[in-house]
Protein chains: 2
Amino acid sequence: MASIKDVAAEAGVSVATVSRVLNDHPSVSADARARVLAAVEALGYRPNAVARSLRTDQTRTLGLVISDVLNPYFTTLARSVEEEARALGYSVIIGNADEQPDLQDHHVRSLLDRRIDGLLVSPTDGGSPLMLDTARGGTPMVFVDRWIPGVDVPVVRADGRAAVRDLVAHLYGLGHRRLAIVAGPAATTTGSERVEAFREALAEYGLPLPDAYIGQGDFQAESGRRVTDTFLDLAEPPEVVFAADNLMALGALDAVRARGMRVPGDIALAAFDDIPWFVHTDPPVTAIAQPTGELGRAAVRALVDMIEGRPPQSVTLAARLVVRRSCGEPAAPTATSAQPPVTNRSTS
Amino acid sequence: MASIKDVAAEAGVSVATVSRVLNDHPSVSADARARVLAAVEALGYRPNAVARSLRTDQTRTLGLVISDVLNPYFTTLARSVEEEARALGYSVIIGNADEQPDLQDHHVRSLLDRRIDGLLVSPTDGGSPLMLDTARGGTPMVFVDRWIPGVDVPVVRADGRAAVRDLVAHLYGLGHRRLAIVAGPAATTTGSERVEAFREALAEYGLPLPDAYIGQGDFQAESGRRVTDTFLDLAEPPEVVFAADNLMALGALDAVRARGMRVPGDIALAAFDDIPWFVHTDPPVTAIAQPTGELGRAAVRALVDMIEGRPPQSVTLAARLVVRRSCGEPAAPTATSAQPPVTNRSTS
DNA sequence: CGCAGGGATGTAATCGATTCCATGAACGAA
DNA sequence: TTCGTTCATGGAATCGATTACATCCCTGCG
């Protein structure tokens, strides 16, 4: 593969001049520029990004460590991240942690070894020593979707509180009183927050959230199946299962179907994270939709701001409820039936 | 960030010695090795992969250019590719072409600039000049899923012919006679092959494949919707729509539903590529499943063989039909009804 | 006419590793 | 004792770029 020296020789100039025209430095004569460009063309020369990075100490590459590539939510996120990065002149390297802290660390380390300019992470856990060191060590870093409390890193995420409240209102309006949740790992912010938001919303309606109705999942389909099974084995099974992500909802659907039961007739189902497939499932699944594309773009902008020395901004966007049929027939247009009882409302 | 010089200074040895212990070269005294290791530990030193790559002319990185990250098929493929690569000591950088040849070229170029050791591609088109040059230029390269005819590059793919024949048998057995296909881009091998296989299988049953029943899609959901719409507008619409990939099947489902029609009652649907969601759609979709995981692993092995100087192997695996409910009630266990008429059969 | 200033260009240092080659020490054989 | 090996180590070249600095030439002004 041709190097800058070959180009210099071909054009009859020094490597410095070649480098100057490549980086369009002003003081190059029109003549020299033309000869260099011709040589570049003739040799099919492409600058070696490795060598350039070594010298300039920047790779114009961003690392993105996501929790699970098989999850359409993260895949959508990855896509918008790559698009925005490309628009800003950066490439992105994706690492898939598969919800395993070890794998996550592996990818962070490998990305750091490659000297990426900045890191976008959606942590699978509460923060390994490596992650903490990296954050403190001055590597530009932004958390997206999930974050680690107590670490001074900008966070770009969606707030599902209001949407969860809307969901509970919807369920209450439909007459459901026994609501259960398939939670994500407590070590992740999204894992614990969604349970909290759910609990608070239930409280507004005077509804309890017994421990038996909190199932511990890990954001992957199999755990949704398992937890839903234990729910269904209960003496008094819940009327609704709320899965804290789309994959666990899929598992829940499997578990219900495996028993020959129907959604929403025998049990209702709702999910956090909306994805195109939910329109086509049987029945279409009521879900809380995050503004995934905007999340990815905002995260990249924050990270690039950091890299280029501008102050980065944490961003919180709102999620919203998308009602479909998995919880029963949609509520009547008048929303009065969904109002919480007055007494409980005032105590919240 | 600490460099090898810092480690050398800390350990009181030369950089050469540090490099030797890092690459466990045999002739280093136990004493020196211990001191270097201690220094590495103390400084939290990690070798700069950029510098190392420049010197050794290898990055231990594979490039993977896929046609569409939002397609679960490719996402599953990407995952298995990354796993196998990791097992063999390589990282992978994924580029998403989004079915656009320009974007595909952009990623290939960017990967080449980064001096990846080898390239895995699932081409979106018949081969840009860049792609052809790259293949000829000696960069280790393997095609996966789709390939470009006439280019001397190993191919790892699934052969769907037999499964398509099984599908047609299934449809014929169910009494369907007017079968249509939503094809992929003719420039892709999977686009044209699936149509051909379908046409041949129909011929075995004496069924025609009129032009009006061949819709031109682009492997993305929206095209499935559009094509299905034109099918439904026909004076004599088909009884079955076979989508050449899962995303177009999704679009077809949308189109059918938008008209208030039901699958399979009003029209039957089948898809190429099976994905977990098809179990949960309404109705569950009959599909042709590829051994995606094995495909990804075989592709990586072939590519690494090439990189490391061993002769690479093209691999073709079989796809298989998974019958669900989207084409009508499953055929009776006795498969006799699905036999093609004798006369036609002998001509095939 | 002489000199300052600025534009075009080249030489060489540099980034952080790997690796060839030279050197010196230790040791066994003659 | 001396010589030839072998082992451990360090010095320095090298990979392919970028860039500080030096040089040379031209132009314009006093």
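This is a chat about how two protein chains, a pocket and a DNA strand are arranged in a predicted model.

Reader: Okay, chains A and B. What rotation superposes chain A on chain B?

Author: A rotation of 180° does it, with 0.0 Å of shift along the axis, and the RMSD is 0.1 Å. That is the relation of a two-fold axis.

Reader: Which residue of chain A comes closest to that rotation axis?

Author: Thr281(A) does, with its C-alpha at 1.8 Å.

Reader: And why say the copies meet through the same surface?

Author: Because 100% of the interface residues of chain A are interface residues in chain B as well.

Reader: Switching to DNA strand C. Which residues are closest to it?

Author: Arg20(A), Ile4(B), Ser19(B), Asn48(B) and Arg55(B) are the closest, out of 27 residues that surround the strand.

Reader: What does Arg20(A) come up against there?

Author: A base oxygen of DNA strand C, which is 2.6 Å from an N or O atom in the Arg20(A) side chain.

Reader: How about Ile4(B) and Ser19(B)? What part of the strand is by them?

Author: Phosphate oxygens. One is 2.2 Å from a polar backbone atom of Ile4(B). For Ser19(B), an N or O atom of the side chain is 2.5 Å from a phosphate oxygen. As for elements, helix 2 and helix 4 of chain A, plus helix 1 (4-11), helix 2 (15-22) and helix 4 of chain B, each give two or more residues to the surface near the strand.

Reader: Which helix gives the largest share?

Author: Helix 4 of chain B, with five residues. By class, the surface near DNA strand C has twelve nonpolar, nine polar and six charged residues.

Reader: On the DNA side, how much is sugar or phosphate?

Author: Of the strand C atoms within 4 Å of the protein, 56% belong to sugar or phosphate, and the rest belong to bases.

Reader: New topic: how much space is in the second largest pocket?

Author: About 990 Å³. Its lining has 35 residues, and those nearest the centre are Met1(A), Arg46(A), Pro47(A), Asn48(A) and Arg115(B).

Reader: Which helices give two or more residues to that lining?

Author: From chain A, helix 1 (4-11), helix 2 (15-22) and helix 4 (49-56); from chain B, helix 4 (49-56), helix 6 (101-113) and helix 7 (129-136). Helix 4 of chain A gives the largest share, five residues.

Reader: And how many of the lining residues are nonpolar, polar or charged?

Author: There are 13 nonpolar, twelve polar and ten charged residues in the lining of the second largest pocket.

Definitions and conventions:
Residues are numbered from 1 along each chain as its sequence is written. Chains are lettered from A and ligands numbered from 1 in the order in which they are written. This is a predicted model: local features need pLDDT of at least 70, side-chain atom pairs count only at pLDDT 80 or more; totals for chains, interfaces and linings use all residues. Side-chain values use heavy atoms; hydrogens and water are left out. Copies are superposed by least squares on the C-alpha atoms of residues with pLDDT of at least 70 in both. Contact means heavy atoms within 4.5 Å. On a 1 Å grid over the protein atoms alone, a cavity is a set of points where a 1.4 Å probe fits but cannot get out, and a pocket is an open set with protein on both sides within 12 Å along at least five of seven lines; lining residues have an atom within 4 Å of a point. Grid points are joined across faces, edges and corners, and a volume is the space filled by probe spheres set on the points. Helices (H or I, at least four residues) and strands (E, at least two) are DSSP runs, numbered from the N terminus. Ala, Val, Leu, Ile, Met, Phe, Trp, Tyr, Cys and Pro count as nonpolar, Asp, Glu, Lys and Arg as charged, and the others, Gly among them, as polar. A residue is near a molecule or strand if one of its heavy atoms lies within 4 Å of it. A polar contact is a pair of N or O atoms within 3.5 Å; within protein, one must be able to donate a hydrogen and the other to accept it, and residues adjacent in sequence count only if both atoms are side-chain atoms.
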